[in-house]
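This report describes some parts of one protein model. Please look at the sequence and the structure below before reading on.

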Amino acid sequence: MRSILTFGAAALALSLAAPAFAQDQTQAPPAANAQGSDASAAAATLAVGATVKDKTGATIGTVSAVKPDSAGKQVATIKMGADSFTVDTDKLAVADGSATINATADELKAMLKK
């Protein structure tokens, strides 16, 4: 009788755990998360002095600083003419030593005036 109860308890435990095992196997491991990898790659390759382009490809300024904000998130300070602004580094596409922001120069100037 005890062996039947033990076997029944083991079968119940396995049946409850099986969906969790199946779920873990279908999810991508954290290292395979492309967005997280891109964000850390951008933070690692974005450097002070890098050229910043708008979404049309026009050069709009340079990176004047890269550092963590008060919450610990990496931000870049971008100098655009006489103005400067900060943006999270994960919002910038970094390639070939320059960064591209997903806005036009006019859109950025309008945001700075607010």
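Thr77 lies in strand β3; helices (H or I, at least four residues) and strands (E, at least two) are DSSP runs, numbered from the N terminus. This is a predicted model, in which local features need pLDDT of at least 70 and side-chain atom pairs count only at pLDDT 80 or more, while totals for chains, interfaces and linings use all residues. Residues are numbered from 1 along each chain as its sequence is written, and side-chain values use heavy atoms, with hydrogens and water left out.

**Accessibility**

A residue is called buried under 20% relative accessible area, exposed over 50%, and partly exposed in between (1.4 Å probe, protein chains only). Three residues from the text are listed here.

| Residue | Place | Relative accessible area | Class |
|---|---|---|---|
| Thr77 | strand β3 | 16% | buried |
| Val87 | strand β4 | 13% | buried |
| Asp96 | loop between β5 (92-95) and β6 | 83% | exposed |

**Strands β3 and β4**

β3 and β4 pair in the antiparallel sense over six bridges; two strands pair if DSSP finds at least two bridges between them. Val75 has Asp88 in β4 as its bridge partner. The hairpin of β3 and β4 has two residues between the strands, and Gly81 in this hairpin takes a positive phi near 65 degrees.

Contact means heavy atoms within 4.5 Å. Leaving aside neighbours within four places in sequence, Thr77 is in contact with Thr62, Val63, Ser64, Ala65, Ser84, Phe85 and Thr86. Val87, not counting residues up to four places away in sequence, touches Val75, Ala76, Ile78, Leu92 and Ile101. The C-alpha atoms of Val87 and Ile101 are separated by 9.0 Å, and the two residues are 14 residues apart along the chain.

**The nonpolar core**

A nonpolar core is a set of buried Ala, Val, Leu, Ile, Met, Phe, Trp, Tyr and Cys residues joined through side-chain atoms within 4.5 Å. The largest one has 16 residues, of which Leu46, Ile60, Leu92, Ile101 and Leu108 touch the most other members. Two or more residues each come from β2 (59-68), β3 (74-80), β4 (83-88), β6 (98-101) and α3 (105-113). β3 gives the largest share, three residues. Not counting residues up to four places away in sequence, Leu108 touches Ile60, Met80, Phe85, Ile101 and Ala103. In soluble globular proteins, nonpolar side chains tend to be buried together.

**A positive phi in a loop**

Asp96 has a phi near 55 degrees, a positive value in a residue other than glycine. Most residues other than glycine have a negative phi.
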